[in-house]
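Please look through the model shown below, with its ligands in view. The paragraphs after it go from an unusual backbone position to the bound ligands, the charged pairs and the overall architecture.

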Amino acid sequence: MREYHANDIRNVAVVGHGGSGKTTLVDALAFVSGSSKRHGHIKDGTTLTDNSPEEVERKYSINLGCAYAEWMDSKVNLIDVPGYLDFQGDAIAGVAAADGVICVVSAAAGVEVGTQKMFREATTREDPVLFVVSMMDKEHANFDGAYQQIKNRLTSKVIPVEIPIGAGAGFKGVLNLFARKAYLYKPGGKPGEYTEADIPPEEQANFDKYYQELIEAISATDDALLERYLDGAEIGRDEAIHGMKEAMKRMDLYPLFVVSAEHIIGVQALLTEIVQLMPSAFEMEEIHGFKGAEGDHTVEIHAVDANPFCALVFKTHSEPHVGEVSYFRIFSGSVSNGQEVFNATRDVTEKMHHICVSQGKERIEVPRLFAGDIGCVAKLKNTHTNDTLSTREHPVRLPQIRFPEPVVSFAVHAASRNDEEKLQPGLHRLHDEDPTFETQYNTETHETVISGMGERHLEVAMAKLRRKYNVVAELTKPKIPYRETLTGRGDGQGRHKKQSGGRGQFGDCWIRMAPRPRGAGYHFVDKIVGGVIPSNFRPAVDKGIQAAAARGILAGFPLVDFEVELYDGSYHSVDSNEMSFKMAGILAFKTVSPKCKPVLLEPLDDVEIRVPEAYMGDVMGDLNQRRGRIMGTDSAGEGNGTVVKAIVPQAELHLYATDLNSLTHGHGTYSRRFHSYEQMPGEAAQRVIAESAKSKKDEELEE
Ligand SMILES: Nc1nc2c(ncn2[C@@H]2O[C@H](COP(=O)(O)OP(=O)(O)OP(=O)(O)O)[C@@H](O)[C@H]2O)c(=O)[nH]1
Ligand SMILES: [Mg+2]
């Protein structure tokens with residue numbers, strides 16, 4: 001492969017709703033350029049970027065994948081990202097590594113939730129976006145419908161640059177308005193083979209209408225062009241392309257193209273326009289501002305080869321026998337094979353052995369990569385997603401990709417003792433390659449809890465765990481860490497006496513128990529006067545009470561926020577010891593605590609839900625059924641829907657992400673954060689107590 005520098009490099013992320021045809025399109029773009037020798041298909045599992053066994057089996061993208069197309073003396077780096085929102089972490093990372101976005105909209109399905117989310121992601125980053133209407137060959141394909149939906153639901157600044165000739169089985173080519181040509185494909189011809197022709201007479205009226213629209217739209221974004229247009233001057237092809245490119249950078253226009261990637265219709269023309277319209281890696285320099293590692297000062301990073309090396313690792317992916325592969329985007333400088341670099345995020349030196357560019361799963365070794373390019377390298381020792389690679393002399397940390405927080409949790413259980421040992425390392429490695437997958441041990445419920453973006457995400461994570469790390473594990477609903485507390489006061493005695501020949505055991509104590517405010521914790525007060533219990537035995541009473549409190553009163557959950565006063569007791573000069581007083585403490589707890597009106601506490605979360613206005617009623621009704629307290633609603637700003645704030649018991653939130661999804665047809669999102677523990681209402685508490693009694697009985701029967 002020849003060397004490419006920032007001016008000749010285009011970095012584009014291909015985004016869109018699940019199943020809109022992104023992976024097929026990336027494969028076709030690389031194929032028509034000649035950079036990939038085979039036209040792959042989803043059904044055979046042969047596409048460039050859906051190459052992991054999980055993707056081949058399921059027939060959808062899970063990980064972002066990199067491919068490239070060398071075309072017109074340029075290299076287009078294509079980042080294919082997953083469409084399903086369960087895997088949106090990789091979609092966000094892919095967009096972060098690119099300078100422009102191709103937003104794919106299926107001609108049959110139109111604009112969907114995933115299209116909206118990713119379009120918003122791109123525009124928030126102020127990236128230029130190019131729309132592609134895909135699958136124009138499909139039954140019910142409707143170009144005008146898709147165009148209108150983009151216009152109505154995404155942006156009024158969309159403007160077609162290509163229009164289809166025919167639709168569905170009759171889709172036979174495209175009219176390119178810039179070139180003023182028709183690209184005609186023969187049914188049954190070689191894949192991608194076409195003839196260039198003048199606009200067919202029967203398409204002329206259609207062409208004229210769209211051409212007029214396009215030139216008007218471009219002229220309207222530039223005063224000088226507009227003046228000439230109004231004077232009746234002809235706007236030439238190069239001028240129109242240049243005007244469009246500049247308008248895209250300012251987010252004034254979004255061009256629209258049409259293809260069938262499966263039948264490779266319109267794909268070459270699209271590739272040409274990507275090179276012509278998308279900003280080169282050099283042009284995008286000014287939007288990236290970065291911070292240095294030492295102190296907090298900001299350094300400007302330019303895509304210049306002669307500057308110090310600096311790159312962001314936007315993805316790591318590990319495969320058995322290959323190890324971890326890190327994908328990086330160079331923002332400045334260059335890197336050579338074998339070069340030593342510095343990971344300023346973790347303060348470690350790494351060696352870049354065998355730097356490569358990736359064409360799907362094939363990795364092509366290159367001697368050197370330059371500013372603006374995307375590459376990958378295997379076997380870095382301690383570098384993970386979101387780390388910056390730079391040099392010891394010029395350490396830099398780039399702004400990190402902001403990944404969404406996980407919304408669905410499950411408890412994970414190893415299937416056998418053998419799996420148990422490998423479970424934790426396996427889970428941590430899954431987290432290393434996917435920051436939206438988290439794992440945590442809950443010390444209260446003694447469960448390992450994994451969290452992710454959806455049920456599908458966690459199901460796939462378990463499949464990866466099995467294949468890559470040979471660990472079989474099952475998922476269950478996580479236990480809720482209930483607690484218990486007191487609402488009344490009481491007092492009484494705990495007396496432990498045992499005579500079993502030889503030296504006996506004797507401990508005797510009197511205690512008062514009382515509630516403390518929420519969060520105040522446990523407090524032990526020694527009120528013994530005159531040494532009725534020797535001072536060296538009193539801490540043993542405390543210990544006994546704490547041990548008993550950890551096992552609870554009502555349902556086996558730890559008792560919290562209470563006070564114990566030790567005020568009386570007696571001892572025996574020979575038989576008393578620490579053990580006996582600990583037992584006395586336990587017995588006193590068992591006698592007194594039930595008198596103090598114990599209740600169950602449950603954890604509540606602060607929940608923030610963002611939904612379009614239309615779904616607000618349904619969402620609030622549903623929250624009520626979950627025993628949620630609505631705290632208020634807020635407008636999220638023009639066109640962003642409404643934010644509903646509520647406090648909801650954790651017990652009612654398992655799989656809320658899934659339920660919210662179906663309630664709002666995918667338009668709702670939510671986040672949650674621990675709020676507090678509160679007393680659980682009677683009926684709900686009774687259910688938990690009954691369940692605990694039942695499982696205790698089951699355990700006893702098993703023993
Ligand atoms: N008829 C037709 N089918 C297509 C075309 N492009 C893709 N498909 C099919 O549509 C399905 C989805 O295509 P993908 O390329 O996997 O779509 P994707 O957007 O990458 O999907 P995710 O990665 O899951 O978001 C597959 O069965 C493809 O074979 C097309 O141009 N025409
Ligand atoms: Mg895909």
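Ile264 sits in the loop between strand E11 (254-258) and H9, where helices (H or I, at least four residues) and strands (E, at least two) are DSSP runs numbered from the N terminus. Although Ile264 is not a glycine, its phi is positive, at about 50 degrees. Its relative accessible area is 0%, and Ile264 is therefore buried; buried means under 20% relative accessible area, exposed over 50%, and partly exposed in between, with a 1.4 Å probe and protein chains only. A positive phi, near 65 degrees, is also found at Lys59, again a residue other than glycine. Lys59 lies in the loop between H2 and E2, and with a relative accessible area of 44% Lys59 is partly exposed.

This is a predicted model, in which local features need pLDDT of at least 70 and side-chain atom pairs count only at pLDDT 80 or more, whereas totals for chains, interfaces and linings use all residues. Residues are numbered from 1 along each chain as its sequence is written, chains are lettered from A and ligands numbered from 1 in the order in which they are written, and side-chain values use heavy atoms, with hydrogens and water left out.

The loop that holds Lys59 also contributes to the site of the magnesium ion (ligand 2), since Ser61 lies in the loop between helix H2 (53-58) and strand E2 (65-71). Which protein atoms are the donors of the magnesium ion? They are OG1 of Thr23 and OG of Ser61, lying 1.9 to 2.0 Å from the ion; donors are N, O and S atoms within 2.8 Å of the metal (3.2 Å for Na, K and Ca), and water is not among the atoms, so the site may look incomplete. The two donor residues link distant parts of the chain, Thr23 being in helix H1 (residues 22-32) and Ser61 38 residues apart from it. Thr23 counts as buried because its relative accessibility is 6%, and Ser61 is likewise buried, with a relative accessible area of 8%.

Thr23 and Ser61 recur at ligand 1, where they are among the residues that come nearest, together with Lys22, Thr24 and Asp137, out of 19 residues around the ligand; a residue is near a molecule or strand if one of its heavy atoms lies within 4 Å of it. By class, this shell has five nonpolar, 10 polar and four charged residues, with Ala, Val, Leu, Ile, Met, Phe, Trp, Tyr, Cys and Pro counted as nonpolar, Asp, Glu, Lys and Arg as charged, and the others, Gly among them, as polar. An oxygen atom of ligand 1 lies 2.5 Å from an N or O atom in the side chain of Thr24, while polar backbone atoms are 2.9 Å from a ligand oxygen at Gly19 and 3.1 Å from one at Ala261. Taken alone, ligand 1 exposes 650 Å², of which the protein buries 84%.

Charged side chains form another layer of the description, with 33 salt bridges in the structure, each a side-chain nitrogen of Lys or Arg within 4 Å of a carboxyl oxygen of Asp or Glu. Asp605 forms a salt bridge with Arg672, the closest N and O atoms being 2.8 Å apart. This pair links distant parts of the chain, since Asp605 belongs to strand E34 (residues 598-611) and Arg672 to strand E37 (residues 669-679), 67 residues apart. Asp605 is buried, with a relative accessible area of 3%, whereas Arg672 counts as partly exposed at 27% relative accessibility. Elsewhere, salt bridges that share partners join Lys245, Glu246, Lys249 and Glu283 into one network.

Within that network, the side chains of Lys249 and Glu246 meet at 3.7 Å, N to O. Because Lys249 and Glu246 are three residues apart in helix H8 (residues 237-249), about one helical turn separates them. Lys249 is partly exposed, with a relative accessible area of 27%, and the value for Glu246, also partly exposed, is 27%. Lys249 meets Glu283 as well, in a salt bridge of 2.9 Å, N to O, and this pair links distant parts of the chain, running from helix H8 to the loop between helix H9 (267-277) and strand E12 (289-292), 34 residues apart.

As for the whole protein, it has 16 helices and 37 strands, and its C-alpha trace spans about 110 × 60 × 50 Å along the principal axes. Of its 703 residues, 55% count as buried.

Key:
Polar contact = N/O pair within 3.5 Å; in protein donor to acceptor, adjacent residues only side chain to side chain. Areas by Shrake-Rupley, 256 points an atom, 1.4 Å probe, with all protein chains shown as cover.
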